Amino acid sequence: MGRGSRLTRLDAFTKTVEDARVRTTSGGIVTLVSLFVVFVLVVGEFREYRRIQVLPELVVDKTRGEQLPISLNITFPHIPCELLTLDVMDVSGEQQSSITHGIHLTRLTPFPESKPVSTTSLNVHEDTASHLDPAYCGKCYGAPGPEKDKGCCQTCEDVREAYASIGWAFGKGEGVEQCEREHYAERLDEMREEGCNIAGHLSVNKVIGNFHIAPGKSFSSAQMHVHDLNQYFASTKEHTFTHTIHHLSFGPDLPANVKVQRNPLDDSRQVTQERSFNFMYFIKVVSTSYLPLGTSENSYIPGAIETHQYSVTSHKRSLMGGADKEHASTIHARGGIPGVFFSYDISPMKVINREVRAKSFAGFLTGVCAVIGGTLTVAAAIDRGLYEGGMRVKKLHQG
Ligand SMILES: *[C@@H]1O[C@H](CO)[C@@H](O)[C@H](O)[C@H]1NC(C)=O
């Protein structure tokens, strides 16, 4: 038996001789319970193995030359669309004045209902101009007319643009033939009570810059960005820049399983009673991407999301000194113009949210073995305790 006996001594799994085995009812119950426990725990392990986790990671943003998408939806209950202008300016020197592309202005009935006005659009100008004699060439009153119409100002809008381009204040168009034909002054007065909703998308260079919504046409004068505030202040109705931001975001939404605070400005409201009042939002934009399972940064795969989160601080101030208040309607704003300004700055860091499996397959197997082994060991100990306890009780009764 030489070799056999040496190996026999090494056997860690000593076997009990069949005859010495006893089956008990308590043992049966313990077995059933432990099988149930094993089942529940293995199901738990499996769930954990299938679970997908989103791990955030912070890296330096190395992308260049990207555009920053902005989508906004802001309501101004006390200022008509006709007086609002949206401009973008950035440190690269690029300016987008009086943006209309991708942006939709909706006229709202007077506050507090603020429902969209049913009449079609603001641009009644084109309609009236189309009924004119084809040979008609309107005067521009000394301002350079638009190129496309060979220097003719066909509509009141054209005259206003022409005036703005050289920095002349326009007023209500008194004595301007085109505007009188279009009843510009009357329409403007009718709109005085209205509010305006600005909604849409724009795209800007991904560098420090600002976009603002301010009254009047904007133009550049001696390297300065100026707005024609004339009509804003000339009004008898108190216009103010009270506003509600329904939505402001810089890119698509992240999936709901990413725990980040989204769009801190959504549904925020700012109120003022003063005409010359300036609201500023300072926004830090952080690039954020979302990589689903199986994506790497270097290859583009559908399902990956590139977007931006932001944090914001805000500031508001009156543009008039206390002493000037009673002359509010005569003096123009000092040290700035009324409006809502958004300054944005781009963070050098980028957040990557990566989907990963919470556990590897090997980890899952290890877990299952641990569950089975552990549960059976505990069950065996309990069973032994019950059996020996039972024996002792029996002995007591007999003795
Ligand atoms: C802007 O927000 C308002 C209020 O939430 C909503 O009724 C309106 O449809 C939004 N406009 C756009 C273009 O999304």
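Me: Buried means under 20% relative accessible area, exposed means over 50%, and partly exposed is what lies in between. In this predicted model, is Lys-206 buried or exposed?

Reply: The model is a predicted one, and in it the relative accessible area of Lys-206 comes to 15%. Because that value falls under the 20% cut-off, the class of Lys-206 is buried.

Me: With which residue does the side chain of Lys-206 meet in a salt bridge?

Reply: The N to O distance in this salt bridge of Lys-206 is 2.9 Å, and the partner is Glu-66. The pair links distant parts of the chain, 140 residues apart, with Lys-206 in the loop between strand E6 (195–205) and strand E7 (209–215) and its partner in the loop between strand E1 (52–60) and strand E2 (67–76). Unlike the buried Lys-206, the partner counts as partly exposed, at 28% relative accessibility. The residue asked for is Glu-66.

Me: Arg-107 and Glu-194 also meet in a salt bridge; how many residues apart are they?

Reply: The side chains of Arg-107 and Glu-194 come to 2.8 Å, N to O. Arg-107 belongs to strand E5 (residues 103–108), whereas Glu-194 sits in the loop between helix H6 (184–191) and E6, and the pair thus links distant parts of the chain. Both ends are buried, since Arg-107 has 16% relative accessibility and Glu-194 a relative accessible area of 8%. Along the chain the two are separated by 87 residues.

Me: Which strand holds Asp-345, the salt-bridge partner of Lys-284?

Reply: The closest N and O atoms of Lys-284 and Asp-345 are 2.9 Å apart. Lys-284 lies in strand E12 (residues 277–291) and Asp-345, 61 residues away along the chain, in strand E14 (residues 339–357). Here both ends count as partly exposed, because Lys-284 has 42% relative accessibility and Asp-345 a relative accessible area of 24%. The strand that holds Asp-345 is E14.

Me: How many salt bridges does a search of the whole structure find?

Reply: The pairs described above, Lys-206 with Glu-66, Arg-107 with Glu-194 and Lys-284 with Asp-345, are among them. For the whole structure, the number of salt bridges found is 12.

Me: What share of the ligand's area does the protein bury?

Reply: The residues around the ligand are Asn-73, Ala-199 and His-246. From Asn-73, a polar side-chain atom lies 2.3 Å from an oxygen atom of the ligand. Taken alone the ligand exposes 360 Å², and the share of this that the protein buries is 30%.

Me: Is Pro-264 partly exposed or buried?

Reply: Pro-264 has its place in the loop between strand E10 (243–249) and strand E11 (268–270), and, leaving aside residues up to four places away in sequence, Pro-264 touches Tyr-310 and Val-312. Its relative accessibility is 28%, and because this lies between the 20% and 50% cut-offs, Pro-264 counts as partly exposed.

Me: How far apart do the end C-alpha atoms of residues 361–382 lie?

Reply: The UniProt record, an unreviewed entry, places the feature "transmembrane region" at residues 20–43 and 361–382. In the model, residues 361–382 are 100% helix and 0% strand, within a chain of eight helices and 14 strands. The end C-alpha atoms of residues 361–382 are separated by 32 Å.

Technical notes. Residues are numbered from 1 along each chain as its sequence is written. This is a predicted model: local features need pLDDT of at least 70, side-chain atom pairs count only at pLDDT 80 or more; totals for chains, interfaces and linings use all residues. Side-chain values use heavy atoms; hydrogens and water are left out. A residue is near a molecule or strand if one of its heavy atoms lies within 4 Å of it. A polar contact is a pair of N or O atoms within 3.5 Å; within protein, one must be able to donate a hydrogen and the other to accept it, and residues adjacent in sequence count only if both atoms are side-chain atoms. Accessible areas come from the Shrake-Rupley method with a 1.4 Å probe; for residues, only the protein chains shown count as cover. UniProt positions are given in the numbering used here, feature names are shortened, and annotations may be inferred rather than shown by experiment. Helices (H or I, at least four residues) and strands (E, at least two) are DSSP runs, numbered from the N terminus. Buried means under 20% relative accessible area, exposed over 50%, partly exposed in between (1.4 Å probe, protein chains only). Contact means heavy atoms within 4.5 Å. A salt bridge is a side-chain nitrogen of Lys or Arg within 4 Å of a carboxyl oxygen of Asp or Glu.
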